[in-house]
Amino acid sequence: MTDQFAVKATYRQVFAVAQFRAVFAGRLLGVMSDTLRAVALAVLVYDRTGSPLLTAVTMTINFLPQAAGGLFLAALADRLTPRTLISTGYALQCAVGLLLAFGHLPVAASLVLVAGVACLTPVTTGATARVLAEALTGDTYVLGRSLSYIVAVSAQMVGMAAGGTLVVWLGVERTMLVTAGAHLVAAAISRLFLSPARAPRPSAPATGGGSIVRRTLRGNAALVASPGVLKLIMVQCLPAAYLAAAGSLLIPYSAHRGFGPQQTGVLLAATSVGMLIGDVVIGRAFAPATRERLVLPLLLVMGTPSLTLALDLPYPAVAAAYVVTGTGSAYLLGLQRRFLEAVPAELQGQGFALLNTTTMSIQGVGPLLFGVCAEFVPVGVAIALTGVCSVATTLLLREAARPALVAAESA
């Protein structure tokens, strides 16, 4: 482990960095607004069409379009200043909220609009990662990435919890206005408090000149060819996809088991609660070298509890299984340094954009595949299969964590 990552940092040190505070505040508002908008739009789509399928598509419309942005536009993350990209991204989200509130658009046009702006998410995510990598050093970077993840999970929980209530209280159009206002505030924070001084990164030799699309394709190819990058992306993305798939089957599983709406709501929040507990405990209680040693054990913790869902466990045991599964996601803390050092510096923004694109795309596909599986086997068995796949993936990709363990032992 490099010396700057060997010294344990604190969350207070992370929040002492003004650039991080600006990113944190913008991300909190942005993710919460995205979630609120998804809930409000889903209510609107269901009211107009009565289609469960279109409603489900509405809730996941932010995922798969990101693949297009990551594959064809991600080079922008290293060509423009992060302040410009991030503030512009939030401003466009604000404009989408206003159009949905006042445009009285057809359902298809609303979905296309949301999908279109989602294509830019990998670019802004890559720009945000650049800010964190440049503003934070050593273990403060690892904890900063952890906090960025925590705020996203927390904001999604709050957005989901408040979305239904706000739609009932304010109506769909006014809820859309709330999301537009929050995105506008996030854009203002980014524009005012992020540094304008960061110049665009020079082109990597592997990407050369040409259009943004060509640079993106060449840059992605260079990233995949870089030693260790592809395995590190897979080990960060695939277990998360299995976790998302297990969560996506909770509503039919609860119906099959006869759990009530309140019990189902608790189960839906259980994984997120576990994520928060895992990240805070592992981030605060363990030294950087120990976090890297815990990568494999935490991956197994993430996959193993789902295996028990093949049995008709009592409700408290089911809730506990999902909480424990969520705590395992703290394994990502032990991979942050490895990924940062594996990505070529001149492709840093695009590297994080590719990571985000792959994560979102696989999380969109995972629930679909295991949902099809649940059509042919009991839902509990389908959930258990997500655990089987998670454990198998961990064993297949264990080499991705091994260099970190060796480095930690030699430090």
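L368 sits in helix α19, which covers residues 348–373. In this predicted model, is L368 buried or exposed? L368 has a relative accessible area of 56%, and since exposed means over 50%, L368 counts as exposed. Follow the chain back from there and you find a partner in space: the C-alpha atoms of L368 and A245 are separated by 7.7 Å, although the two residues are 123 places apart along the chain.

A245 is a handy stepping stone, as A245 belongs to a nonpolar core of 21 residues that also includes L267, F370 and A382. That core is the second one, separate from the largest.

Now for the largest core. It has 54 residues, and the members that touch the most others are Y141, I233, Y331, F339 and F352. Which helix gives this core its largest share? That would be α12, residues 229–248, with seven residues. Pick out F339 and you can see what it is up against: leaving out residues up to four places away in sequence, F339 touches V229, L232, I233, Q236, G351, F352 and L355. Two of the names in that list, I233 and F352, turn up among the best-connected core members as well.

Step back for a moment and look at the whole chain. It is built with 21 helices and zero strands. Of its 411 residues, 52% are buried. The chain exposes about 17100 Å², with carbon and sulfur atoms supplying 70% of that area. As for how the chain meets itself, take the contacts with a separation of 6 or more: 85% of them link residues 24 or more positions apart.

A good place to see helices meeting is the pair α14 and α17. Two packed helices are described by the angle between their axes and by the distance between those axes. Here α14 (residues 261–285) and α17 (residues 315–327) pack at about 30 degrees, with the axes 6 Å apart. Their crossing is right-handed. On the α14 side, the residues at the contact are Q263, V266, L267, A270, T271, G274, M275, I277 and G278, and they meet Y315, V318, A319, Y322, V323, G326 and T327 of α17. What classes of residue make up this contact? There are 10 nonpolar and six polar residues, and no charged ones. Notice L267 in that contact; you have already met L267 as a member of the second core.

Next, turn to helix α9, residues 139–170, where you will find S146. Its relative accessibility is 3%, and because buried means under 20%, S146 counts as buried. Which residues does S146 contact, leaving aside neighbours within four places in sequence? The answer is Y11, D279 and L333. S146 also pairs up over a long stretch of chain with Q336: the two are 190 residues apart in sequence, yet their C-alpha atoms are separated by 8.8 Å.

Two more residues fall between the extremes. A95, in helix α6, is partly exposed at 35% relative accessible area. Its C-alpha lies 8.8 Å from that of L184, which is 89 residues away in sequence. R293 lies in helix α15, residues 288–293, and is likewise partly exposed, with a relative accessible area of 38%. From R293 to G334 the C-alpha distance is 7.5 Å, for a sequence gap of 41 residues.

Finish with a bit of backbone. Where is H104? H104 is in the loop between α6 (82–102) and α7 (107–118). Its phi is near 50 degrees, a positive value in a residue other than glycine. H104 is also exposed, with a relative accessible area of 62%.

Definitions and conventions: Residues numbered from 1 in each chain as written. Predicted model: local features only at pLDDT ≥ 70, side-chain atom pairs only at ≥ 80, totals over all residues. Heavy atoms only, no water. Axes fitted to C-alpha atoms, helices over the stretch in contact; angles between N-to-C directions. Helix = DSSP H or I, 4+ residues; strand = E, 2+ residues; numbered from the N terminus. Left-handed = near helix turned anticlockwise from the far one by under 90°. Contact = heavy atoms within 4.5 Å. Nonpolar A, V, L, I, M, F, W, Y, C, P; charged D, E, K, R; others polar. Buried < 20%, exposed > 50% of the residue type's maximum accessible area, 1.4 Å probe, protein only. Core = buried A, V, L, I, M, F, W, Y, C linked by side-chain atoms within 4.5 Å. Areas by Shrake-Rupley, 256 points an atom, 1.4 Å probe, with all protein chains shown as cover.
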